[in-house]
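Thanks for coming. I will go through one structure today, starting with its rings and ending with the charged pairs.

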Amino acid sequence: MLSLALVFLPLAKANTPLFTAHEYQSAFKNWTEKYNKGYTVGEFFGRYATFKGTIYFDLYGFGGPWENVDFVARHNIGGYSYSVELNEFADMTNEEFKKYYLGFKPAARTGKPMVYNDNITLPDAVDWSSKG
């Protein structure tokens with residue numbers, strides 16, 4: 001059903017939904033099955049709203065809130081040299097994605113700390129090729 005709506009995209013205003021509520025719900029259901037997503041009852045509606053209603057930066061001159069599904073559809077008919085699609089992160093806000101996937105995250109330290117031992121005599125050179 002979403003593919004039929006793409007024919008009418010040029011007629012849609014940038015800030016109006018492109019699809020019916022049923023089409024969004026169907027897209028979300030298909031997406032959750034494709035990426036094997038499962039939610040608690042309390043989490044479901046928030047994730048669906050994020051899937052539909054993530055706020056995007058004004059990269060393409062439209063500005064304001066864009067639904068993920070609408071963002072993909074509008075971008076792909078916009079004449080850009082590349083296309084985009086929904087991926088497994090479509091139920092996350094930009095802030096959540098940044099928090100969990102961007103930036104340096106030092107590994108948690110486990111086990112005993114490394115101890116320097118002065119009492120070991122090491123050779124000046126080692127022929128590692130003879131060690132196999």
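How many aromatic pairs does the structure hold? The answer is twelve aromatic pairs, and I should say at once that this is a predicted model. Take Trp31 and Tyr35 as one of them. Their ring centres sit 5.8 Å apart with the planes at 50 degrees, so this pair is tilted. Trp31 is buried, at 5% relative accessible area, while Tyr35 is partly exposed, at 22%. Both belong to a cluster that ring pairs join up, and its other members are Phe28, Tyr39, Phe44, Phe45, Tyr48 and Phe51.

Now the overall layout. The protein has five helices and zero strands, so please read α-α-α-α-α from the N terminus on. There are 132 residues, and 21% of them count as buried. The exposed area is about 10500 Å², of which carbon and sulfur atoms supply 59%. On contacts: among those with a separation of 6 or more, 46% are between residues 24 or more positions apart.

Next, the loop between α2, residues 21–34, and α3, residues 41–53. Asn36 lies there. What is its phi? For Asn36 the angle is near 55 degrees, a positive value in a residue other than glycine. Asn36 is exposed, with 72% relative accessibility.

That loop also brings us to the charged pairs. As background, side chains of opposite charge can pair when their charged atoms come close. In this model the count is three salt bridges.

One of them is between Lys37 and Asp91, with the closest N and O atoms 3.6 Å apart. Lys37 is in the loop between α2 and α3, and Asp91 is in the loop between α4 and α5, so the salt bridge ties together parts 54 residues apart in sequence. Lys37 is partly exposed at 28%. Is Asp91 buried or exposed? Asp91 counts as buried, at 4% relative accessibility.

Another salt bridge joins the side chains of Arg47 and Glu96, at 2.8 Å from N to O. This pair also links distant parts of the chain, with Arg47 in helix α3 and Glu96 in helix α5, 49 residues apart. Arg47 has 18% relative accessibility; the cut-off for buried is under 20%, so Arg47 counts as buried.

Then there is Lys29 with Glu33, where the closest N and O atoms are 2.9 Å apart. These two are four residues apart in helix α2, which means about one helical turn separates them. Lys29 is partly exposed, at 48%.

Two polar contacts to the backbone are worth showing. His75 sits in helix α4, residues 68–76, and is buried at 2% relative accessible area. What does the side chain of His75 reach? It reaches the backbone oxygen of Tyr82, at 3.0 Å. Ser130 is in the segment after α5 and is exposed, at 55%. A polar atom of the Ser130 side chain lies 2.8 Å from the backbone oxygen of Asp127.

Last item, the surface. Which residues make the nonpolar patch of about 340 Å²? Tyr100, Tyr101 and Leu102 do. Leu102 lies in the segment after α5, residues 94–101, and is partly exposed at 45% relative accessibility.

That is the tour. Questions are welcome.

Notes. Residues are numbered from 1 along each chain as its sequence is written. This is a predicted model: local features need pLDDT of at least 70, side-chain atom pairs count only at pLDDT 80 or more; totals for chains, interfaces and linings use all residues. Side-chain values use heavy atoms; hydrogens and water are left out. Buried means under 20% relative accessible area, exposed over 50%, partly exposed in between (1.4 Å probe, protein chains only). Rings of Phe, Tyr and Trp (its six-membered ring) pair if their centres lie within 6.5 Å; planes under 30 degrees apart count as stacked, over 60 as edge-to-face and the rest as tilted. Patches are made of residues with over 30% relative accessible area and no salt bridge: like charges are joined within 9 Å, nonpolar side chains (Val, Leu, Ile, Met, Phe, Trp, Tyr) within 5 Å. Accessible areas come from the Shrake-Rupley method with a 1.4 Å probe; for residues, only the protein chains shown count as cover. A salt bridge is a side-chain nitrogen of Lys or Arg within 4 Å of a carboxyl oxygen of Asp or Glu. A polar contact is a pair of N or O atoms within 3.5 Å; within protein, one must be able to donate a hydrogen and the other to accept it, and residues adjacent in sequence count only if both atoms are side-chain atoms. Contact means heavy atoms within 4.5 Å.
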